[in-house]
Structures are given as C-alpha cells and as structure tokens.
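Welcome! Take a moment to look over the sequence and the model, and then we will walk through a few places together.

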Amino acid sequence: MGLLHPPPSSPGLKVLAFLFIFVLAAAPRPAGAGVDRWTLLGPPGGQPDDLVFDPVDPAILYVDTNFAGLWKSADAGASWWRLPPGGASPLVIDPFDHRTLYSVSFDGIVRSSDGGATWTTLREVPSPIDIFVALTADPHTRGTLYALLFENGVLKSQDGGTTWSAASQGLEGLGLYRSLVQDPSRPGVLYVTTSQGVYTSPDAAAHWAPYSLTPDLNERDFKTLAVAPGSSGGGPATLYGTLWAEESGYCFFRSRQPGGPWTPVPLPSPPDGSFDCRELTVDPQDANRLYVAEPDGRLFRSSNGGDSWEIAGSGLAGFVKVRIDPRDRHVLYALSGFPDSRGLLKSRDDGSTWLPINQGFDNLYINSLEAPAGAPGTLYAVQAYGPVWKSADSGQTWTQLASTASLTPYSLAVDPFDPRHILLVTQAGLRVSHDGGASWAPPGGTLPGGVYSLAFHPYLQGSVVLAGESYSIFTSADGGETWQRGGDLFPGCDFCLVTFPPRFTFDPADPRHVFTVAAGQLLASRDGAAHWTAIPGAGSQVQVVAVDPSDPRTLYAGGCEGLSKSRDGGANWQPSYQGIPPGLPPTFSGGGPPLPPPYFCIDLLVIDPRHPATLYADRYGPLSQLYHSTDAGATWTLLASDFTRHLDDTLLVSLVLDPADPGRLYAATNSYGVVAGRFPGATPLRLGPPVGAAATPRFTVTAAWRDFADNTGPATPVRLGPDSGYFWFFAPGSLELAVKLLDGTVVNRHLWTFYASLSNVPFEVTVGDELTGAVHTYLNPAGRFASVADVRSLPSVPQVSAGVAAVSATPAVAELATTPCAAGPTSLCLGGRRFKAEVTWQNGKDHGDGQAVALADESGYFWFFGADVPEVFVKLLDGQAFNGHFWLFYGSLSDRHYVLRVQDLTTGAIRTYENPTGLLASAGDTTAF
C-alpha cells in the first residue's frame with residue numbers, strides 16, 4: 001500500500017438550523033465502523049450447528065454455532081443478532097419457563113434467566129480434558145436436567161442446574177459418549193449412544209443397560225440418535241441411529257420396539273464414496289416422516305420410516321442438517337456444515353424451494369482481507385474454503401466473485417496502481433483478474449506447483465514478489481505476466497514446508513529493499529528479492545515485520561518473544577511491548593519449541609501511514625487481544641474495552657486500515673467475518689433504563705467526526721434526559737448532533753433511533769446495547785445534513801409480558817361473516833369494521849362484559865366499573881406491508897382477570913388473550929392476523 005496524502009482542505013459548512021423528522025421509515029443498513037467498539041460487517045453466512053425453537057413464541061429462534069456462540073432471531077429468522085458471550089452449543093430451553101436457557105461454555109454449564117441476555121456458570125468443567133457433549137431438560141419434571149460428558153458419562157441435576165451428581169450406573173468403562181436424548185412420550189426414559197452401542201435408562205438415569213442385545217448392531221458407533229414420539233398412550237418410541245460413516249451401503253438404522261431389533265434403512269441414493277453419513281431428521285409429529293439432505297444438494301423425504309424415498313427439493317449443496325418447525329411441518333430450516341455454504345435457509349413448502357435467512361448472521365472464517373488504495377470503499381474478503389467476497393460500499397453489502405469458490409482461494413493481492421488488477425492464490429494455483437474479479441485466468445510464465453503468498457510492490461509499478469513451496473521466491477516486473485526465479489529464502493531446502501506463509505514488507509525509500517518473515521526469522525533483500533540475508537536480534541520466532549513509512553530505518557518485529565523495535569535499520573533491537581501483560585507459561589510444548597517469555601505472540605502489526613506514531617498489534621494466544629500505541633510503540637493499551645466483550649472467542653486473521661480513512665480499522669476474523677471499528681477514545685452518551693449490577697443505562701451512543709481537512713476526533717456527549725442528548729464536535733457551545741432513543745419492543749421488538757445533525761461534515765454514530773451486545777452504526781457522508789428515524793435500529797431482547805398467560809388461535813370458523821362489524825355497547829370495531837374486539841372480566845365472584853368506547857378507526861378502550869375509568873386499551877394496525885400481518889396491541893390499567901377476544905370477520909380467525917388476576921399486562925402481537 002502506497003503512502004497516502006490527505007486531499008486539499010476545504011472549509012466546512014455549518015448551519016444554525018435544527019429539525020427532527022420523526023418519520024417511521026427504516027434507515028439504510030449501517031456502514032463503516034463502530035466508534036470504540038467493533039461492528040460486524042459480514043459477509044452473510046456461516047456455520048450454524050443447530051437450531052432451537054422457542055416453545056411459547058413462534059417468532060423466536062436460537063442458533064448455536066461451533067465458533068461464534070449463540071445467535072437469536074425474534075422474527076422467525078428474518079434477522080439475527082449474536083447473544084452476549086456465555087452460551088455455546090448445545091442449547092436447551094426450560095420447558096417450564098421459555099425465558100430460561102441452559103447451554104455449555106468453555107467453563108461448563110451455564111444458565112440464562114432472561115432469554116440469553118446474561119449468563120451464570122452453574123458447573124465448571126470437571127477436568128481439563130473432558131467436555132460436555134449433550135444437555136437436555138426433562139419435559140415432565142420441573143428443574144430436572146441431564147448432561148453428558150465425552151469421557152465420564154451422565155450427570156443429573158434436580159434443582160435447575162445448581163447442583164449435579166453422577167448418574168452413570170451401568171455405563172462405566174464404555175469408552176466415548178456421543179449423545180443423550182429423552183423419550184418424548186415416556187417420562188424418565190433416556191438413551192445414550194456410546195462407542196460401544198446404545199444404552200437406555202427406564203428410571204430417569206438411575207440405572208443403565210444395553211438397549212439391544214444384538215451383538216453386531218449393539219457394537220455400532222452411532223453419531224446421532226433421534227427419538228420420535230410414540231403413541232399418545234405412552235407407546236414405544238421409534239429410534240433412528242445415524243452411523244459416522246457408511247457401512248455396506250447403510251448409514252441409518254431403525255428400531256420400533258424396546259430392545260430392538262435394529263433394521264437397516266436404505267439410503268435415499270447410492271453412496272457417493274464420501275466418508276460421513278448425513279444427519280437424519282425426524283418429524284416431531286410423525287415418526288415415519290424423515291428428511292435427509294444429500295451432498296449433491298437434493299433433499300429427500302420419506303413418509304414410511306425410510307422404506308422408500310422421494311425428492312422433496314433441491315438447492316441444498318453445502319447444507320447438512322434440516323430442522324422442522326414443530327408448529328408447522330411445512331416450514332423447514334436448513335443449516336450448513338461447511339465453510340463455503342450460505343449459513344441458513346428456510347422453506348415454507350416442505351423443502352421444494354429455499355430462501356436464505358442470513359440478515360445479521362455473519363459467522364464466516366475469513367482467510368485474508370484487502371482494502372485497495374485506488375478504490376475507496378472497496379473490500380475483498382477471502383472466505384476459508386469458500387468464495388472471494390467483494391464490497392464496494394465499505395462492507396454494507398457483499399457479492400461473491402464468480403467461480404472463486406471452486407478454486408479454494410487462500411489470499412489475494414490488489415495492484416496499487418490498477419485496482420481492477422488482482423492476483424489470487426488458490427489451491428489450484430495462481431489466478432489473475434483484470435476486471436475487478438469478474439473473471440479469472442491462469443497467469444503466464446512458469447510458477448512453482450504451490451503458491452503460498454504474494455504482494456504487489458506499493459512503490460514500484462508492475463513489481464510483484466511471490467513465495468512458493470520450499471520457500472522459493474519468484475518475482476515479476478510486468479504485474480504477473482512473466483516470472484523470474486528469485487533467491488530462495490533457505491537455499492538447499494528441497495522439502496521445506498511453508499508452516500507460516502511469508503509476508504512481504506517494502507522500504508518506501510528504496511524500492512529494492514524488501515523484508516519478509518519465514519520460519520520464525522526476519523530476512524531482508526537489498527536487490528529486489530534476488531538474495532536474502534537473515535537479520536539477527538529481532539528474535540527467533542518472528543511472525544510479522546512493519547516499516548515506519550516516515551522513517552524507513554525504524555522497524556518493528558512482532559513474534560512469540562513479544563515486540564521489538566529497531567531505529568537503525570535492524571542493527572540493534574529493543575523490547576517495545578510495555579503495557580501488554582505477559583501470558584501464562586505453557587504447560588507443554590506440543591512437540592515444538594516452548595513458548596519463551598513473555599508467553600504471548602504478536603502476529604499482526606499495522607502502522608497508520610498518516611500518523612506513524614499510531615500502531616495496532618494483535619496479541620495472539622489463545623484468543624486475540626488488540627493493542628494500540630500512539631507513541632511509536634513506547635507504551636500500549638488494550639484497544640476498546642468492548643473488544644473482549646463482543647469478540648472474546650475469536651481470532652483475528654488480518655488487520656487493514658482504510659486507505660481513504662486510516663481512522664477506520666478493518667479486521668478479518670475466524671468466526672465473525674469482517675469487523676470494523678474506529679477507536680478515538682470517544683466518551684459514550686448513556687441512555688435508557690439502568691441494567692446490570694452497576695445500574696448504568698442500558699444503551700450507549702458514541703460518535704466520531706472527520707472535517708474537510710481530514711482531521712478526526714471523538715464527539716463529546718451531553719445528556720439531556722433518560723432518552724435523549726446531543727454531541728458537540730469542535731466547541732462546547734456548538735451543538736452538532738442530537739439523538740433520541742425509544743424502546744419499541746411492544747411494537748416491533750426493536751430499539752428506535754432518531755438523530756439529526758447541525759453539521760454536514762462526515763461523522764459516524766454507533767448505538768450499542770449493553771444488555772445484548774448488539775451494535776448498529778450509521779455513517780453520514782460529507783455534505784449531507786442528516787435527519788434519520790430508524791425503527792429497526794437494534795433488536796431488543798424479546799419481552800413476553802407476564803400478564804399474557806395464554807394465547808390461542810382458531811384459524812377458521814364454520815361460516816365466514818359476510819357483514820362488517822356492528823358496534824355495540826360491548827363490541828369495539830377496528831380496522832375499517834373488519835375486526836371486532838370484546839372483553840370479559842372477573843373480580844372474585846363478580847364478572848361482566850367490558851363496555852366499549854371507540855377512539856378512532858384503529859383504537860379504543862373498555863371500562864369495567866365506571867365510564868370515566870378506562871381499564872383496557874386496544875389498538876390494531878395494518879402491518880401487511882412489513883410482514884404480511886395485522887398488528888394488535890393492548891395495554892391495561894387494571895390487574896383484574898380479563899379475557900380479550902378479537903375476531904377477523906373476513907377470514908373468521910380469532911385471537912384470545914388472557915390476563916390473570918394480579919398482573920398489569922401490556923402486549924404487542926405483530927403476527928395477530
């Protein structure tokens with residue numbers, strides 16, 4: 001990347017006018033980076049491990065992942081947000097309280113009492129090497145949980161997970177434990193799959209015995225076990241076992257009576273030679289209805305327990321799991337199992353057609369990231385085992401580059417003199433594009449069989465340096481059209497494997513002076529990569545090198561001996577990591593050299609080209625921590641207090657500063673795709689209700705500005721009230737940006753953000769939820785005076801009012817009404833007289849009908865005891881343009897027992913809402929009709 005120069009300064013334009021425009025319209029998807037925190041940019045997709053349905057609210061879904069924690073949707077998968085760290089996989093919802101969740105973290109079993117917003121550890125991992133592999137809650141006995149350990153069997157809790165005891169009598173010495181499931185129709189009956197067969201317990205895990213006495217089948221090592229419900233009278237369940245790998249043409253076995261026998265289930269299609277067996281999905285309402293997603297993308301369905309199969313749909317290449325909506329068997333969800341898939345798909349027609357539901361679900365492993373200097377706002381992200389993604393708007397939207405997924409790309413480099421010229425390192429060899437990634441072709445010339453890394457020279461047009469197998473170096477002077485053999489990094493090493501791809505760094509004062517790192521050594525070439533010499537003193541485990549663009553004799557070398565700095569071109573080195581705390585000494589070396597003090601590695605290091613005293617360094621191991629220096633490496637501070645909170649279980653793969661705005665930092669991660677942040681040290685404006693032990697306001701708003709001379713800085717907040725405030729940029733008396741937040745949970749389960757500016761300089765606004773960890777960022781470009789109202793700013797934690805004891809739905813009546821609603825003393829007509837609302841109340845032995853009073857076409861209220869004392873307010877809105885439904889809201893000023901009944905006189909559908917005695921209920925149902 002070349003040296004960057006700020007554009008000519010121009011005077012800013014200020015106005016002394018101010019206007020809030022409260023228009024309830026969705027704002028564009030946020031751009032850029034959060035202030036003092038990270039914003040997830042995508043690309044969309046990922047690797048969900050399982051999907052769990054909320055038993056009470058059909059709109060709430062949970063997805064757990066192997067690498068990126070738990071994700072939640074409050075709108076049946078239309079949008080997702082990541083829950084705060086704490087839970088992982090598997091996830092269990094308490095059958096007696098749907099707001100209580102149980103999950104597993106690195107620490108052990110955890111519990112949430114607020115739908116995943118906060119977590120408490122209940123039991124620590126019993127040993128450093130054992131892990132929890134299964135967790136289930138007893139649907140028949142409140143507070144009873146079962147957990148399965150990979151090597152130590154079953155644990156049982158009878159107090160909601162507070163205490164646990166061993167429950168493995170009869171399972172001792174069975175090797176490895178795979179899965180634990182309960183019989184949904186017979187209380188106390190459980191099954192465990194082990195490496196030596198299936199075992200069952202008839203008495204709530206008090207005793208265990210082999211399920212089948214058939215020797216050959218009992219020895220089968222089932223990967224998963226599915227238990228379909230038996231008859232309503234408690235008859236035997238049907239068991240389906242899935243093998244780890246196909247054996248003699250079979251992956252699945254079935255048992256329809258206790259103790260077996262196991263019957264092999266034919267595969268939907270002939271084996272394709274793959275090692276793994278796909279997961280078998282059983283309809284929770286029909287033991288004979290099965291689904292299997294085949295590797296070629298076809299979905300197979302059986303209606304007779306697997307005796308025969310039919311093709312139900314296609315388009316599932318890369319998807320390995322199917323989940324069935326327990327309330328609607330025609331609604332299916334598909335989950336990916338490979339890094340190159342799209343994450344989540346949904347079908348409403350039994351699997352015939354599928355649509356992605358990835359909005360907000362950004363859970364990809366990104367191998368490398370580039371932000372070319374010659375194309376402002378352009379990003380290239382290489383997905384592990386997947387395609388290359390391109391964004392032309394700083395990460396707001398992404399598109400896949402054609403045919404790159406089949407090449408298995410590793411990394412890419414963009415020509416700094418021609419941003420449409422790209423070189424791509426792939427498993428199939430080097431590929432070149434001259435049209436910004438629209439098409440690809442092999443380059444000319446002769447190259448080694450394996451290409452591992454390359455770099456365009458940022459100061460010498462057409463020059464490329466490439467590292468191949470056995471640390472061989474190739475160079476090109478014509479942008480990669482022809483190649484010449486350079487000097488090998490380690491001559492004579494014919495069988496060396498590149499354990500760490502070399503990275504190339506260039507001297508801005510001498511185009512032929514090149515640095516690289518290979519096999520833990522810092523090397524340099526003075527003749528354009530023709531010969532290489534090791535630079536001693538920087539350490540023996542160097543992983544990254546950086547050159548100060550304002551003083552090329554100043555070098556930084558990061559590695560597993562900390563961070564070193566040289567002021568004389570590498571002749572002398574001094575430690576330069578004050579402020580980065582030492583790690584823990586390793587307990588074992590894993591066969592390699594032991595990690596030396598300070599027991600951490602620096603694997604990423606970047607310098608701000610406009611402010612060379614500003615550096616960013618990634619402290620690697622076992623998880624990433626990003627540090628920041630503003631004094632040329634003399635001292636370091638942990639970057640952003642929210643980094644650990646929001647990205648505490650991921651690794652950074654690369655760091656890139658935005659060439660047009662170095663204040664914006666992009667990072668590629670191994671589990672959250674691309675993230676971005678701006679870290680000027682802004683003070684947040686805190687709004688909303690208090691949460692947590694410290695009782696601080698729930699929401700934070702931060703802002704940063706950039707004037708027309710390219711100066712940047714944090715905005716200073718001033719709080720006006722619990723829900724509003726403003727920021728000033730340049731002087732305390734000059735208001736620049738006003739903000740208001742409203743809680744729209746009752747209306748659409750989101751926080752509503754309003755802001756208006758008195759300045760047209762570029763600025764960013766970031767809204768954060770301290771309870772859920774969700775973040776939303778807005779970017780205001782130069783020259784625009786912004787007034788924004790966003791009613792889908794952040795998904796709030798879904799709140800189900802305690803007063804809503806029951807919600808029932810009758811889809812149709814025998815005869816549909818043919819006349820509109822007729823208002824009466826106890827009937828409230830709404831929605832153009834299409835809907836009729838009535839209320840009945842009870843107060844001890846007294847009872848009666850609510851008296852209706854209409855306020856408008858969409859709202860009214862009921863009174864119980866006096867005409868001047870309203871008790872229940874009702875409002876109905878037409879939300880069909882948003883989600884295809886009419887929305888019903890009601891709020892009460894009474895804690896009496898009452899029932900609200902609303903009927904659609906066009907379709908006959910009825911909704912009934914019941915409020916028990918002693919509770920004040922307010923509720924919003926955005927899928928009422």
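Is Asp-75 buried, partly exposed or exposed? Asp-75 counts as partly exposed, because its relative accessibility is 22% and the buried class is reserved for values under 20%. Please keep in mind as you read that this is a predicted model.

**A link between distant parts of the chain**

Asp-75 has a partner to look for: its side chain meets that of Arg-792 in a salt bridge, with 3.2 Å from N to O. The two residues are 717 places apart and so tie together distant parts of the chain, with Arg-792 in strand β68 (residues 787–795) and Asp-75 in the loop between β6 (70–73) and β7 (81–82). Arg-792 is partly exposed too, at 36% relative accessibility. This pair belongs to a wider set, as the structure holds 17 salt bridges.

**A network of charges**

Next, find Arg-329. Which residues does a salt-bridge network join to Arg-329? Salt bridges with shared partners bring Asp-283, Asp-286, Arg-289, Arg-329 and Asp-350 into one network. One of its links runs between Asp-283 and Arg-329, whose closest N and O atoms are 3.3 Å apart. Asp-283 sits in strand β24 (residues 280–283), while Arg-329 belongs to the loop between β28 (319–324) and β29 (332–336), 46 residues away. Another link joins the side chains of Asp-286 and Arg-329, at 3.5 Å from N to O. Here the separation along the chain is 43 residues, and Asp-286 lies in strand β25 (residues 286–293).

How accessible are these partners? The table sets out the values for three of them.

| Residue | Relative accessibility | Class |
|---|---|---|
| Asp-283 | 1% | buried |
| Asp-286 | 24% | partly exposed |
| Arg-329 | 27% | partly exposed |

Asp-283 counts as buried because its 1% falls under the 20% cut-off.

**Two buried residues in strands**

Now turn to Thr-669, which is found in strand β57 (residues 661–669). Thr-669 is buried, with a relative accessible area of 0%. What does Thr-669 touch, leaving aside residues up to four places away in sequence? Its contacts are Leu-364, Tyr-365, Ile-366, Thr-650, Leu-651, Leu-652, Val-653 and Val-675. In addition, a polar atom of the Thr-669 side chain lies 3.0 Å from the backbone oxygen of Gly-673.

Asp-49 is another residue to find, this time in strand β4 (residues 48–53). With a relative accessible area of 18%, Asp-49 is buried. Its C-alpha atom is separated by 7.1 Å from that of Leu-335, although the two residues are 286 places apart along the chain.

**A hairpin to finish**

Finally, look at strands β77 (residues 897–904) and β78 (residues 910–915). In which sense do they pair? Strands β77 and β78 pair in the antiparallel sense, over six bridges. One bridge to trace joins Arg-901 to its partner in β78, Thr-912. Five residues lie between the strands of this hairpin, and in it Gly-908 takes a positive phi near 90 degrees.

Terms used:
Residues numbered from 1 in each chain as written. Predicted model: local features only at pLDDT ≥ 70, side-chain atom pairs only at ≥ 80, totals over all residues. Heavy atoms only, no water. Pairing = 2+ DSSP bridges. Helix = DSSP H or I, 4+ residues; strand = E, 2+ residues; numbered from the N terminus. Buried < 20%, exposed > 50% of the residue type's maximum accessible area, 1.4 Å probe, protein only. Salt bridge = Lys/Arg side-chain N within 4 Å of Asp/Glu carboxyl O. Polar contact = N/O pair within 3.5 Å; in protein donor to acceptor, adjacent residues only side chain to side chain. Contact = heavy atoms within 4.5 Å.
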